[in-house]
Amino acid sequence: MKVVFVGPSLPNAREVAASDIEIRPPACQGDVMQAVADGASTIGLIDGQFEMAAPVWHKELLFALSKKITVIGAASMGALRAAECSAYGMIGVGRIFDDYVSGVRVDDADVALTYGPAELRYPPLSIPLVNAQATIARISELGLLNDTLCTQLEDAACTVFFKHRTWKSISNAAGIEPEMLKPALEICWVDQKRLDAIALLEEMGRQHQPIDCDDWQFNATALFRRLYPSFLKR
């Protein structure tokens, strides 16, 4: 059984995922443990909740890994957790993961965005910094705007609060007319989170050897034992 937690990074995940992958909403604390209880052999973490619910706990990912379950992360919360848990066998894929695990990125907010409800298929309502930066880099690469304007745009994208980050707010903060940017966006828009999410789905189709946990041992802390006593009896 394969389970993927995904939402705004890939709203049409069900249409592009293999038929043997079960799609679940963005994960919050406890959802990975539920997937373990349901018998998942591979868990993919793309999107996770973090503001209105407790985020995915590292401890539940480590527990899954200790049970020799393949755990893969990418794109958003998955990239963050994969970078943090890669030493314990969690697999990270995609450019965003690479940036975090290498130290190029250090801020969780780089992948944050606001989005609509599940009933509307999690429509993004703001632009995550990772997508804004990838798009601005493409604009610069193709020479559609000069280096000075691209630098102004990137600096502005970094200063706008993630909930308010749109191309209009970025343009305004950079002192550039939004209409001036529009033609370049039509050519150069890069949805890096989507690209990395698709890479995770592809990775889930590959064969993975059971995680070797001989060099570390899962520590069932007092809080873990209190939250998940039934798992310790298995």
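User: Let's start just after α8: is the phi of G175 positive or negative?

Analyst: This is a predicted model, so keep that in mind throughout. G175 follows directly after α8 and takes a positive phi of about 75°. As background, most residues other than glycine have a negative phi.

User: Which residue has a positive phi although it is not a glycine?

Analyst: A75 is one of them, with a positive phi of about 80°. You'll find A75 in the loop between β4 (70-73) and α4 (77-85). Y122 is another case, with a positive phi of about 50°. Y122 sits in the loop between α5 (95-102) and α6 (129-142).

User: Are A75 and Y122 buried or exposed?

Analyst: A75 is buried, at a relative accessible area of 0%. Y122 is buried as well, with a value of 15%. The cut-off you need here is under 20% for buried and over 50% for exposed.

User: OK, on to the sheet. In what order do the strands come?

Analyst: The general idea is that strands of a sheet pair through backbone hydrogen bonds, either parallel or antiparallel. Here five strands make an open sheet, ordered β2-β1-β3-β4-β5, and the pairing is parallel. At the edges are β2 (21-24) and β5 (91-92), each of which pairs on one side only.

User: How many bridges join β1 to β2?

Analyst: Four bridges join β1 (residues 2-5) to β2, and the two run parallel. To place yourself in that pair, look for V4, which stands opposite I23 in β2.

User: Now the interior. How many residues does the largest nonpolar core have?

Analyst: That core has 37 residues, and F5 and I43 are those with the most contacts inside it. The elements giving two or more residues to it are β1, α2 (31-37), β3 (42-45), α3 (58-66), α4 and α5. The most comes from α4, which gives six residues. There is also a second, separate core of 19 residues, which includes A157, W167, A174 and I176.

User: Which residues does F5 touch?

Analyst: Leaving out residues up to four places away in sequence, the contacts of F5 include R24, P25, V32, A35, I43 and L45.

User: Why is α4 described as largely enclosed by the rest of the structure?

Analyst: Count how many of its residues are buried: in α4 this is eight of the nine, so the helix is largely enclosed by the rest of the structure. The buried ones are M77, G78, A79, L80, R81, A82, A83 and C85. They pack against β3, α3, β4, β5 and α5.

User: What about α8: which residues are buried there?

Analyst: In α8 (residues 167-174), W167, S169, I170, S171 and A174 are buried. Those residues pack against α6, α7 (147-159) and α9. N172 also belongs to α8, but N172 counts as partly exposed at 47% relative accessibility. If you want a distance to check, the C-alpha atoms of N172 and L153 are separated by 9.3 Å, with their positions 19 residues apart along the chain.

User: How many salt bridges does a search of the whole structure find?

Analyst: Nine salt bridges turn up. Take R24 and E22, whose closest N and O atoms are 2.7 Å apart. R24 counts as buried, at 12% relative accessibility, while E22 is partly exposed, at 32%. E22, R24 and D38 are linked in a network of salt bridges.

User: Where do E84 and R81 lie?

Analyst: Both are in helix α4, three residues apart, which is about one turn of the helix. Their salt bridge has its closest N and O atoms 3.0 Å apart. R81 is buried at 7% relative accessible area, whereas E84 counts as partly exposed at 36%. For a pair with two buried partners, try R105 and D99: the side chains meet in a salt bridge at 3.4 Å, N to O. R105 has 11% relative accessibility and counts as buried, and D99 is buried at 15%.

User: Last one, back to the surface: which residues form a nonpolar patch?

Analyst: L142, L144 and I187 do, with about 280 Å² of accessible area together. I187 has its place in helix α9 (residues 178-188), and with a relative accessible area of 57%, I187 is exposed.

Technical notes
Residues are numbered from 1 along each chain as its sequence is written. This is a predicted model: local features need pLDDT of at least 70, side-chain atom pairs count only at pLDDT 80 or more; totals for chains, interfaces and linings use all residues. Side-chain values use heavy atoms; hydrogens and water are left out. Two strands pair if DSSP finds at least two bridges between them. Patches are made of residues with over 30% relative accessible area and no salt bridge: like charges are joined within 9 Å, nonpolar side chains (Val, Leu, Ile, Met, Phe, Trp, Tyr) within 5 Å. Accessible areas come from the Shrake-Rupley method with a 1.4 Å probe; for residues, only the protein chains shown count as cover. A salt bridge is a side-chain nitrogen of Lys or Arg within 4 Å of a carboxyl oxygen of Asp or Glu. Buried means under 20% relative accessible area, exposed over 50%, partly exposed in between (1.4 Å probe, protein chains only). Contact means heavy atoms within 4.5 Å. A nonpolar core is a set of buried Ala, Val, Leu, Ile, Met, Phe, Trp, Tyr and Cys residues joined through side-chain atoms within 4.5 Å.
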